[in-house]
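Work through the exercises below with the structure open. Each task is followed by a solution in steps.

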Amino acid sequence: MIFLKTKIVILGAGYGGLMTTVRLQKKIRTEEVEIVLINKNNYHYETTWLHEAAAGTLRDDQVTYPVKSVIDVKKVAFIQASVTRIATAEKKVMTDIGEVSYDYLVIALGGESETFGIKGLKEYAYSITSVDAAKRIREHIESQFSTYQNEAIKKEERLTIIVGGAGFTGIEFLGELVNRIPQLCKTYEIDQNKVKVYCVEAAKAVLPGFDPELVDYAVAHLEKRGVEFKIGTPIKGADPEGIIVGIGEEETQEIKAGTVIWAAGIRGSSVIEESGFEANRCRVKVDPDLRAPGHENIFIIGDCSLIINEEINRPYPPTAQIALQQADVVTNNLLALLRQETNLTAFKPDIKGTVCSLGERDAIGIVYGKKLKGKPASVMKKVIDNRALFSIGGTSTVLKKGKFNIL
């Protein structure tokens with residue numbers, strides 16, 4: 001008699017997907033279960049480090065490590081492919097190289113930039129959404145400085161950089177950028193006073209919802225390093241020359257810039273929409289056990305999932321911390337289903353703290369209820385980064401890719 005193995009397919013090798021894979025390979029007997037991991041790239045990248053690669057303060061290769069360096073290839077079949085759609089009725093995943101069937105599916109495809117329909121942003125602004133995107137930003141900024149140095153008639157706006165969004169991604173990128181600019185000016189022999197950096201935010205505050213005292217510290221730090229904040233200023237559009245912002249009810253103003261970085265929004269993967277899931281900006285409001293409503297064999301985690309914080313009646317932000325915690329719950333729930341149990345674990349985020357870097361040696365944060373700023377916060381940020389590496393890849397990955405420059 002031939003027994004067919006139960007097949008678990010995991011989509012995405014980001015924090016949630018790769019953690020789920022690593023957890024499953026340790027807990028499941030592969031004689032009974034087949035595990036398949038599908039990812040666009042053959043590497044994992046640390047999403048929370050991309051702002052450093054984009055600014056050029058961290059090498060591209062430092063934010064990545066091979067998927068096969070952390071999975072057991074005897075237990076997990078890895079397929080490098082781009083997922084295009086999920087046919088839930090047929091229990092099949094469509095990719096650019098073929099179809100893959102599944103019994104249980106974990107969707108952890110990450111997110112995409114959300115431009116909220118603002119005209120020109122997709123065409124003329126950069127987003128920090130992948131290693132390749134970060135590399136393009138770094139190369140573009142270097143190109144602007146190089147071109148300015150060599151052109152006979154100087155185009156001053158080449159040296160203007162606009163960051164749209166004063167949330168975590170925008171502020172952390174600015175923290176790295178102000179560290180990189182002096183290096184760029186020295187390399188290309190440019191007067192640093194000619195460089196202009198704007199942070200444009202539609203909301204009324206920087207880092208909305210964060211502790212006001214720490215936000216003031218962050219703003220003062222960045223302003224001292226040359227960043228000009230334009231808060232309560234919505235971006236109305238972008239074009240090859242820069243951006244258009246709203247001033248008051250009806251007026252607009254053009255800000256010319258050689259570089260525009262859009263860091264103000266994220267949505268789930270477009271595969272969610274293509275596959276017919278009911279979603280808001282490609283994020284599915286999952287059941288408490290992290291399954292997609294109406295789909296008993298499909299779990300959704302990470303940027304593609306939507307979980308409401310009942311205390312404030314707003315969604316939890318999609319963070320690496322939550323994705324890693326979701327992976328643990330999904331793993332346990334898959335094990336329960338394989339044992340034919342019906343009482344699955346409900347997911348409840350355990351937010352231990354939040355730290356926002358302001359460059360290599362400065363940061364702000366709240367950890368276990370305690371406020372941190374400056375060097376202690378920066379050290380804590382590196383500890384958190386190394387802990388994420390350890391959770392998935394263990395000691396060897398920390399030793400290869402970890403951050404130890406804490407002095």
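**Exercise 1.** Classify how helices α1 and α9 are oriented relative to each other in this predicted model.

Solution. Start with the geometry: helix α1 (residues 15-27) and helix α9 (residues 375-401) pack with their axes 9 Å apart, at an angle of about 40°. Next, apply the cut-offs: angles under 35 degrees count as roughly parallel, and roughly perpendicular covers 65 to 115. The angle of about 40° fits neither class, so α1 and α9 are oblique to each other. Finally, list the residues that meet: α1 contributes Y15, L18, M19, V22 and R23, and α9 contributes A388, S391 and I392.

**Exercise 2.** Find the aromatic pair in the structure and decide whether it is stacked or edge-to-face.

Solution. Searching the whole structure gives one aromatic pair. Its members are F168 and F210, with ring centres 5.6 Å apart and ring planes at 75°. Planes over 60 degrees apart count as edge-to-face, so the pair of F168 and F210 is edge-to-face. Then place the two residues: F168 is in helix α5 (residues 168-187), while F210 is in the loop between β13 (196-201) and α6 (212-224). They are 42 residues apart, and the pair links distant parts of the chain. Last, check accessibility: F168 is partly exposed at 29%, whereas F210 is buried at 14%.

**Exercise 3.** Identify the lysines whose charged ends sit over the rings of Y148 and W49.

Solution. Over the ring of Y148 sits the charged end of K154, 5.2 Å from the ring centre. For W49, the residue is K403, whose charged end is 4.2 Å from the centre of the ring.

**Exercise 4.** Describe the surroundings of A218 and G175.

Solution. Take A218 to begin with. This residue is in helix α6 and has 1% relative accessibility, so A218 counts as buried. Beyond its neighbours within four places in sequence, A218 is in contact with L358 and I364. Its C-alpha atom is 7.6 Å from that of A363, although A218 and A363 are 145 residues apart along the chain.

Now take G175, in helix α5. Its relative accessible area is 0%, so G175 is buried. With neighbours within four places again left aside, G175 contacts L222, L358 and G359. L358 therefore appears in the contacts of A218 and in those of G175, both judged by heavy atoms within 4.5 Å.

**Exercise 5.** Determine whether N309 is buried or exposed, and which backbone atom its side chain reaches.

Solution. N309 lies in strand β23 (residues 308-309). At 13% relative accessibility, N309 is buried, being under the 20% cut-off. The side chain of N309 reaches the backbone nitrogen of E311 at 3.0 Å. Not counting residues up to four places away in sequence, N309 touches R314, P315 and Y316.

**Exercise 6.** Locate R281 and Y368, and state the sign of phi at each.

Solution. Begin with the general rule: most residues other than glycine have a negative phi. R281 is not a glycine, yet has a positive phi of about 50°. R281 lies in the loop between α7 (270-274) and β20 (284-285) and is partly exposed, at 37% relative accessibility. Y368 is likewise not a glycine and has a positive phi of about 50°. Y368 is in the loop between β26 (363-367) and β27 (370-373) and counts as exposed, at 66%.

Notes: Residues are numbered from 1 along each chain as its sequence is written. This is a predicted model: local features need pLDDT of at least 70, side-chain atom pairs count only at pLDDT 80 or more; totals for chains, interfaces and linings use all residues. Side-chain values use heavy atoms; hydrogens and water are left out. Rings of Phe, Tyr and Trp (its six-membered ring) pair if their centres lie within 6.5 Å; planes under 30 degrees apart count as stacked, over 60 as edge-to-face and the rest as tilted. Helices (H or I, at least four residues) and strands (E, at least two) are DSSP runs, numbered from the N terminus. Buried means under 20% relative accessible area, exposed over 50%, partly exposed in between (1.4 Å probe, protein chains only). A charge sits over a ring if NZ of Lys or CZ of Arg is within 6 Å of the ring centre and within 35 degrees of the ring normal. A polar contact is a pair of N or O atoms within 3.5 Å; within protein, one must be able to donate a hydrogen and the other to accept it, and residues adjacent in sequence count only if both atoms are side-chain atoms. Axes are lines fitted to C-alpha atoms, for helices over the stretch in contact, and angles run from 0 to 180 degrees between N-to-C directions. Angles under 35 degrees count as roughly parallel, over 145 as roughly antiparallel, 65 to 115 as roughly perpendicular and the rest as oblique.
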